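Q: Hi! Could you walk me through this model? I'd like to chat about salt bridges and about how the chains meet.

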Amino acid sequence: MKLVKRNISSKDGGGSITLRPDTPEDLWHAFNLLQKGDCVRCTTVRKVVKESSTGSTTSNKKRLMLTIEVKKVDFDPDVLEVRISGKVQSENDFVRLGAHHTLTLELNQNFSLEKECWDQIYLDVIEEACNPERQAEVAGVVLHSGLAHVCLVTGALTITKARIEVNIPKKRTGSSQNAKSIKKFFEAVYQAILRHIDFARVKVVLMGSPGFVKDDFFKYLQEEMVRRDDRPFIENKSKFVLCKASNGHKHALDEVFSDPAIMARMNDTKVAREVEALNKFMRMMEVDPDRAYYGFAHVSKAQEQLAVDTLLLTDQLFRSSNVKARKEYVTLVEEARAAGAKVFIFSSMHLSGQQLQQVSGVAAILRYPLPEIAEIGEEEEEEVADDASSDEEYDPLWRVKEDVADMGL
Amino acid sequence: MSRHRMVRNLTQDDYYDDYDDEYYDDDYYEDDDLQQQYAPPSLSKPIIAAAAPASVFAAPVAAAPAPRAQIPWPKAKPAVNTAPAIAKGSLTKPPPGWGTPSNSAPVGVAQPPPGFAPPSNTASVGVAKPPDGWGKPAALQSQKATTLPATAAGVMKPPPDWGKPSSGQEASKNQDSKTKATATKSKSSNKQQGSVYVPKPVPDILKTAKSQLSMVVLGHVDAGKSTMMGQVLVQAGYISKREAGKKPMSWILDENEQERERGVTMEIGTKTVRVPKHDIVLLDAPGHADFVPIMITGAANADVAILVVAANTGEFEAGFDGGGQTKEHILLARGLGVTQILVAINKLDMEDWSKQRYDEIQAKVKSYLLQQQFAPKRIRFLPLSGLTGENVKSRNDSKLSAWYKGPTLLDAMNDFLPAKRQLEKPFRFGITDVYAEGKGVVARGRVMQGFVEAGERLVVLPIGDVVTVNKLEHLQPPTTDDNDKNAFKRLSIGMAGDTVELVLSGIELVRLSVGSILSNPNARPPLTKKAKAKVFILDSVTIPIIRGARVMFHMQSLDIPATVSKLIALTKGGGEVIKERPRALSRNSSAIVEITLNDKIAMEQFSSCRALGRFVLRRSGDTIAVGVIDELL
């Protein structure tokens, strides 16, 4: 991401910022910056209908610069797009003020974002996104007999590139079906890796499976790449690392990343740090449950007593459409930082972030045990969690309605 | 507060634990459940009305045809049947005590005598085969009377073409053709909707027939499971010595190249073997820690288990204490409903058939089994060597025969108690393997409850496609009574407990997958992704389970990512709540939790279908909990 222009008032934190996303990951960061009520300005395409004096209409597509007030933001992880819809706020020759429009943020296209207040969390996101040191991209392949996931893991995103499911008949006397379908399965995974992994950017390919599946597959891969002369594989053979995972479901990727040997290799990546922090929290839960708390009510109580040592949150909490709820979390983070705590903000596109989201989205490791906190009820915090999860839901009907509104119907 | 009690509460099996001795004539079935679930209350009335006269006819002497009014078919035992009395009598005799040589009677292992007649066997052994009456609760017979009012004269004899949709002699009156098509088997006339489930009458042939007994082979990796099973197959005469010949014995079961290359079982090996009292389906499970999910699919389909432990110094200890799979397998088997276990202390020849070593291992394993609530009577031990074949069928080594007088492995397998089958419950079939061959799409699996015949229409869940069973094949032809003219019918029926292959039509191979459930179209199990369940957290759990913990949910042959979405209560073994909404669940505790799966699957309350109500939770390669479904949400 490039920061093109920054115009933030030091008085009240209001102002606008112009950014240019250049990788798909930047779109994710942009998504995290957008909040209901903000104003976004960028170029977009809109169908403009003209009525002639005789009453006949002609319509053509026009590229326009529009400013809209954000009403709803969507991130589509499959095609990597951010869609923003809301009412048009700027005067224009072709579009009425107040008409509905949906913008799509595009790569290498400036957009400017105006907020009433840019708080620290936003500024952190911008800083992270604009950090020129690109973090390594890692490909993860988890498989077990009959099921495989090929994923791409970047600093803030885990993208499932392919999911392969093949029915493998069981062994039976005098039947070669088992061997045949295993071959078919391996071939599908081979093709998926070949197609989806760009070795120019990917530093390492982690392959995890239970038992010998990974070894069998790697053997197949080595044999086939020589036979077919698949250059990308032959040149990057050293990038494949075999490791252990208990199954081929997507969340087994987490196990791959928590493997100490792998962790050492990927020391600096965000995902490895997140997984480590979360594991530390889980271990604390076992060793000393009075020093590990989750849920906003519990964690903020602990913060009141300045007991928080490490604070774990998901970015989803800061996307909450409820401004008040967001402010509470921001305050929590700022207070914790001021008190010298380490703060990790997990990306909810990573499996570790999703896991944390399941555990109410906020957790803390304390400096000293606080057994009395456990007595406090959890009512409040459950509501917040529900709120956050409903945000996530994607309503196709809503989409259609918005689109219809956009067209001025 | 002992944790033993907790396990008991959790894994209690009503067909063994509490009833133990009454096991045979225990005709306690929860018919009420069945009714509430499938029959609308308004419709049950006329059925009762019809039931009363018919059952009186069927059992003229029976004084009280309807002990419980709301049950459409009375549970009264028809007096015609003298079986209960006999059954009671034979019951009081204890089952064959372990180690009493007299019990392991003359056993012709490989081929049972052609005229093998169950009753005579009963006389000699006293346990195996109770008289005809057992296994079919008396209620069934009256049920038949109920549903076949017109043919009441031949109460026990269904019309020749019963079961075919078009046959409905009684299915006349106000049925429209659509109902006829969907409500395949019902003879009852008062149904309006295809969704009303009326249980099929259990055909006569099944009342005396016995189902296959599924036996899973458990144990730590390299304990010698496959070798021992290979030896069983050779000694029982299924595979000639010459055929087995030079290859390692385990290759009989490990048929995959990778398995042979590495010398490790990776998939369930399924074979059949016949002993006089049982048609046994052997499920040879892998012992390697990475393949526990596969072992779970085996144990979920098993009635009884053989646990193989290696006796040689160091190996037993490694498999049992040092993080080996022996204990995990025991826990899983128990949690998945296996209640009889035979412990084969293998490789004892390497310890020079030392009785001391045998006793030492026996004591250790036994105490652990008892902890896991295996009934003492259902635990048996025997020494053997799978490699040499000693004590598999016979004993040659004088060192062993000097102190061991008990049964051989094949005799011990013969002495397993038959499992009780639930024939009158709605049909459920769990697919364990799918493949296409010349004959069509074949689904192999086990009938969990009810029964199925060739020609039936079934629904595949969760996808909902309707298929027709073109053909039904047993892995080995079931043993039948030679005097019975209708015995051949058994061949095309798969009853609860049988492992069969169904040739299906009306579906593409790709639509079917392992783990799908087949059921009757009008008595489907519910599809759900959320359930309230009782779980028992195992002591191997290091990281406590908190709300939102991500786990793998294993049920039958399925594994599905899931989250523990709510911790409802921490309970004592008896079910009393210790703490509501606990913050975390740590090892050795029982709890009520809410589980949310990523996908919808067919599952049921434990009370209505055992097989679909039991599950295992795993996390990063460790088993963390076993449980039963309490309520679907």
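**Salt bridges and the interface**

A: Happy to, and let's begin with a pair in chain B: the side chains of D321(B) and K327(B) form a salt bridge, with N to O at 4.0 Å. Keep in mind that this is a predicted model.

Q: Are D321(B) and K327(B) buried or exposed, or something in between?

A: D321(B) is partly exposed, with a relative accessible area of 43%. K327(B) also counts as partly exposed, at 26% relative accessibility.

Q: OK, and what does R444(B) pair with?

A: R444(B) makes a salt bridge with E501(B), and their closest N and O atoms are 2.9 Å apart. This one links distant parts of the chain: R444(B) sits in strand β8 (residues 440-449) of chain B and E501(B) in strand β13 (residues 499-505) of chain B, 57 residues apart.

Q: Buried or exposed, those two, R444(B) and E501(B)?

A: Both R444(B) and E501(B) are buried.

Q: Which residues are joined into a network by salt bridges that share partners?

A: E187(A), E224(A), R227(A) and R228(A) are joined into one network that way.

Q: Switching to E81(A): what does its side chain meet in a salt bridge?

A: That would be R83(A), at 3.3 Å from N to O. E81(A) is partly exposed at 27% relative accessibility, while R83(A) is buried, with a relative accessible area of 18%.

Q: How many salt bridges are there over all chains?

A: The structure has 41 of them over all chains.

Q: And how many between chain A and chain B?

A: There are 4 salt bridges between chain A and chain B. One at this interface joins the side chains of K244(A) and D290(B), at 2.7 Å from N to O.

Q: What about polar contacts across that interface?

A: 19 residue pairs are in polar contact across the interface of chain A and chain B, counting pairs with both residues at pLDDT 80 or more. On chain A's side, the elements giving two or more residues include α3 (177-196), α8 (270-287) and α12 (379-392) of chain A. By class, that side has 14 nonpolar, 15 polar and 15 charged residues.

Q: How much area is buried there, between chain A and chain B?

A: About 3,800 Å², with carbon and sulfur atoms giving 46% of it. In residue terms, 44 residues of chain A are in contact with 46 residues of chain B.

Q: Last one: what is chain A built from?

A: Chain A has 13 helices and 16 strands. Of its 409 residues, 54% are buried, and its C-alpha trace spans about 80 × 70 × 35 Å along the principal axes.

Definitions and conventions:
Residues are numbered from 1 along each chain as its sequence is written. Chains are lettered from A and ligands numbered from 1 in the order in which they are written. Side-chain values use heavy atoms; hydrogens and water are left out. Contact means heavy atoms within 4.5 Å. Buried area is the accessible area (1.4 Å probe) that two parts lose on being put together, summed over both. A polar contact is a pair of N or O atoms within 3.5 Å; within protein, one must be able to donate a hydrogen and the other to accept it, and residues adjacent in sequence count only if both atoms are side-chain atoms. Helices (H or I, at least four residues) and strands (E, at least two) are DSSP runs, numbered from the N terminus. Ala, Val, Leu, Ile, Met, Phe, Trp, Tyr, Cys and Pro count as nonpolar, Asp, Glu, Lys and Arg as charged, and the others, Gly among them, as polar. Buried means under 20% relative accessible area, exposed over 50%, partly exposed in between (1.4 Å probe, protein chains only).
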